[in-house]
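Good morning, and thank you for coming. I would like to take you through one protein chain, from its overall build to a few chosen details.

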Amino acid sequence: MRIATNSGKIDISKEDKTFNLANFFANFITEGDVIFLYGEIGVGKTTFVKYLINSIQKKKKEYLSEITSPTFSIMNEYQAKNLNINHFDLFRIDKTIDLNNIGLFNDYKNCLTIVEWPEKVKFKPHNRYELFFEYKKQSNKRFLKIKKKMFGIDINEKLGENRYIKVKGDASSRIFYRKHKVKKSSIIVYSKKDKKKNLLNYDAINKILIKNKIIAPKLYNQNYKNNYIEIEDLGNNTVFDIFSKRKSNKNFSIYKKIILFLLKIQKVKHSNIKNFMGKNYKIPKYTKVKIFNEAKLFCDWYVPNVKKKEDVKRINSELKKLIKLLTEKIKMKNRIFVHRDFHISNIVPYKNSFGLLDSQDAVIGNKAYDLASIVDDVRFKTSEKDKIKLLDYYLKFDKNQINKKEFENDFYILSVLRNLKIIGIFTRLSIRDQKKQYLKLIPYTWKLIENRIKDKPVLKDLKFFLNKNFSTKLRKKHAN
């Protein structure tokens, strides 16, 4: 059964048609879905809801509830095993403040939400189903029209043809959905904020990688006007997911393969390409000014959040001078493709190789940067012994092309500056974006900084300053 959305009306004059349609609709409704039902009293909304909820319960082998209209109770709750179903009727709601009080969308991502009289909802979820019921008195017929909206945009496809499952996001403002169609799948990337970088530039960089035989998501479709692209699905298991499910002593062999993958990435020669809007894109240089400005995020966000107001100005003034001095001590030139977020959450095992995700921040920069990113990964702990072995393994394969002393100098500096930046970003995510989960990563990020500054002459002034102004107790704040 396939029903065209955003097109013709469906005749549901006979109750068995309403039943069959609700039964079909139940096949692809999932947790987090929102269903709006429009139509006057008596057009069949509650009857449809009754069949829909009972069908979901039957499929989950759950006891069938008696479904009644929540006109007076405002909301009725139902259960279908692990799925909570909230059925609202807003007919008696007069004011927005009353709507807020019932907690309509407080926890909608963890349940199925069904709403009658949604006209009274001012701020609607961007992703929802809209069902329009109509009764023709002259012919005594009832009709239903179904719309599927994603990101507030009408999805013009047959209802039930594709399933959209939200994918866990990252630290960016992007939203990801896995689009399933029979045995095929793709990824929808939505980004209203910073969409040029997150959509247009991202695909341009992927094209450069693919041109150089590096696996990256291919573009299937683009709707830049409406803030999204559809790209190839490289799979739902990153190296991080694999490592999280196994003993750490089995990881090093994969890390060695990742190092070889990195060396291949660093041979990317092209830095210019036409984006999908037909304009030329050139990968930017990772200048020392940019490195300084990123490390300065530690001063902008972390310092004001953990230090007394009267101390912030002094600390930041001294720290910025130290950061600038360190950027001036970077030796090697910007000649290499740098991913900038080269860690195991962005690397996907794919066809006996690896695929690379989230390349939108790529630059032409320092050869040591991505190695520091994978070796001193803040999201996954590795032993000091393995860190040394990984650095040595990289140098073994690249020893004829670099000055080892210069490389190690830059590796230590860039690792520390990168992790200062990350502490700043994690603090910003917590304060500005309410993503508190990143705070728990800060103590380990501090440990990575401590490890690099403890015996490196080039970092001795920074070590003295950090030890003086940021106590061990402070660094362990937010630790589990």
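I shall begin with the model as a whole, and then turn to its cores, two helices, one loop residue and several salt bridges.

Please keep in mind that what you see is a predicted model. The mean pLDDT of the chain is 91, with 95% of the residues at 70 or more. Confidence is not even along the chain: strand S1, residues 3-4, has the lowest mean, 54, while helix H7, residues 288-295, has the highest, 98. Where pLDDT is low, the predicted coordinates should not be read in detail.

Now the overall build. The chain has 480 residues, of which 52% count as buried. Its secondary structure consists of 15 helices and 21 strands. The C-alpha trace spans about 85 × 50 × 45 Å along its principal axes. Among contacts in the chain with a separation of 6 or more, 67% are between residues 24 or more positions apart.

Let us look inside. How many residues does the largest nonpolar core have? It has 88, and Ile258, Leu371, Ile374 and Phe470 are those with the most contacts inside it. Helix H12, residues 404-432, gives the most to this core, contributing 12 residues. There is also a second, separate core of 31 residues, which includes Ile35, Ala80, Ile114 and Leu131.

Take Ile374 as an example from the largest core. Setting aside residues up to four places away in sequence, Ile374 touches Tyr255, Ile258, Ile259, Phe342, His343, Ile344 and Ile347.

Three of the names just mentioned, Tyr255, Ile258 and Ile259, are among the buried residues of helix H6. The buried residues of H6 also include Phe252, Ile254, Phe261, Leu262, Leu263 and Ile265. Their cover includes H5, S18, S19, S20, H10 and H11. As for its length, H6 covers residues 252-265, and these 14 residues should span 20 Å at 1.5 Å a residue; the end C-alpha atoms are 20 Å apart, which agrees.

The next helix is H4, residues 195-211. Its 17 residues reach 23 Å from the first C-alpha to the last, close to the 24 Å expected at 1.5 Å a residue. Where does H4 bend? The bend is at Asn201, and it is about 35°. Asn201 is itself buried, as are other residues of H4, including Leu199, Leu200, Tyr202 and Ile205. After the helix comes Lys213, which has a positive phi, near 65°.

A residue outside the helices also deserves a moment. Thr238 is found in the loop between strand S15, residues 228-232, and helix H5, residues 239-244. Is Thr238 buried or exposed? Its relative accessible area is 12%, and buried means under 20%, so Thr238 counts as buried. Apart from its neighbours within four places in sequence, Thr238 is in contact with Ile344, Ser345, Ile347, Val348, Pro349 and Leu357.

Finally, we come to the salt bridges. The structure holds 24 of them, and I shall describe several.

One joins the side chains of Asp361 and Lys197, at 3.4 Å from N to O. Asp361 sits in the loop between strands S20 and S21, whereas Lys197 belongs to helix H4, so this pair ties together parts that are 164 residues apart in sequence. The two partners differ in accessibility: Asp361 is buried, at 18% relative accessible area, while Lys197 is partly exposed, at 33%.

Another salt bridge is formed by Glu294 and Arg340, whose closest N and O atoms are 2.0 Å apart. Because Glu294 lies in helix H7 and Arg340 in the loop between strands S18 and S19, the pair ties together parts 46 residues apart in sequence. Both Glu294 and Arg340 are buried.

A further pair is Asp376 and Arg452, whose side chains meet at 2.8 Å, N to O. Asp376 lies in the loop between helices H10 and H11, and Arg452 in helix H13, so far along the chain that 76 residues separate them. These two residues are buried as well. Lastly, Lys9, Glu134 and Lys136 are joined into one network by salt bridges that share partners.

That concludes my presentation. Thank you for your attention.

How values were computed
Residues are numbered from 1 along each chain as its sequence is written. This is a predicted model: local features need pLDDT of at least 70, side-chain atom pairs count only at pLDDT 80 or more; totals for chains, interfaces and linings use all residues. Side-chain values use heavy atoms; hydrogens and water are left out. A nonpolar core is a set of buried Ala, Val, Leu, Ile, Met, Phe, Trp, Tyr and Cys residues joined through side-chain atoms within 4.5 Å. Buried means under 20% relative accessible area, exposed over 50%, partly exposed in between (1.4 Å probe, protein chains only). Helices (H or I, at least four residues) and strands (E, at least two) are DSSP runs, numbered from the N terminus. Contact means heavy atoms within 4.5 Å. The expected span of a helix is 1.5 Å times one less than its number of residues. The bend at a residue is the angle between axes fitted to the seven residues ending there and the seven starting there. pLDDT is the predictor's confidence in each residue, from 0 to 100. A salt bridge is a side-chain nitrogen of Lys or Arg within 4 Å of a carboxyl oxygen of Asp or Glu.
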